[in-house]
Amino acid sequence: MSGMGRELDGIDGLRSALRAIYDDLETDLARLGPSCLLSGRCCRFEEYGHTLFVSGPELAVLLADAPEPSRPLDDGQTCPWQDAAGRCSARGARPLGCRVYYCDPSYQPVAPEIGERYIGRLKRLADELALPWDYAPLHRHLRAAAAEGRFRPAMGDR
């Protein structure tokens with residue numbers, strides 16, 4: 001990688017760059033074959049003991065492409081895009097952390113390595129594009145975006 005950043009055509013260029021990484025991830029995941037039981041555990045952070053971290057570039061695409069949240073923004077217990085049926089309403093815009101999370105026990109031994117590999121790719125992309133990395137919990141990002149008027153939480157937000 002050279003010291004010069006690549007130019008992007010706004011959000012469309014960023015979306016395309018992220019899509020290329022996500023497509024490679026989907027290919028790797030298809031090879032590994034983890035199963036999704038559609039349990040919704042991936043969206044119930046506190047209940048299942050995890051925090052969803054999101055980078056600045058991923059957040060930009062999530063905010064641009066995700067529909068209105070399905071539920072109010074809480075303090076990090078759940079994802080605001082988990083609908084009443086327990087499904088993701090922002091599936092196409094979901095960040096890497098959502099894409100690599102599977103509760104399939106056979107996937108757990110390889111999950112950290114694949115996650116780290118693709119986080120590295122995201123970080124290199126942010127560096128190449130001279131974008132802020134700002135890797136932080138989703139809810140921290142969403143609260144800041146709401147305060148700046150870039151995110152509108154669902155009705156009933158506390």
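This passage looks at one buried helix face and at the aromatic rings of a predicted model.

Helix H2 runs over residues 56-65, and a good part of it is tucked away from the surface: Gly56, Pro57, Glu58, Leu59, Val61 and Leu62 are buried. What does the covering of these buried residues include? Helix H1 (10-32) takes part, and so does strand E1 (53-54). Further along the chain, helix H3 (96-100), helix H4 (111-128) and helix H5 (138-147) also help to cover H2.

Now for the rings. Searching the whole structure turns up four aromatic pairs. One of them joins Tyr102 and Tyr107, with ring centres 5.3 Å apart. The planes of these two rings meet at 70°, and an angle over 60 degrees counts as edge-to-face, so that is the label for this pair. Tyr107 itself has a relative accessibility of just 3%, so it falls in the buried class, which takes anything under 20%.

Trp133 and Tyr135 pair up in another way: their rings are stacked, with 5.1 Å from centre to centre and 15° between the planes. Are these two partners buried or partly exposed? Trp133 is buried, because its relative accessible area of 17% stays under the 20% limit. Tyr135 comes out at 32%, so it counts as partly exposed. Both residues also belong to one aromatic cluster, together with Phe53.

A charged side chain meets a ring as well. Arg99 lies over the face of Tyr22, 3.8 Å from the centre of the ring.

Conventions:
Residues numbered from 1 in each chain as written. Predicted model: local features only at pLDDT ≥ 70, side-chain atom pairs only at ≥ 80, totals over all residues. Heavy atoms only, no water. Buried < 20%, exposed > 50% of the residue type's maximum accessible area, 1.4 Å probe, protein only. Helix = DSSP H or I, 4+ residues; strand = E, 2+ residues; numbered from the N terminus. Contact = heavy atoms within 4.5 Å. Phe/Tyr/Trp six-rings, centres within 6.5 Å; stacked < 30°, edge-to-face > 60°. Lys NZ or Arg CZ within 6 Å of the ring centre and 35° of its normal.
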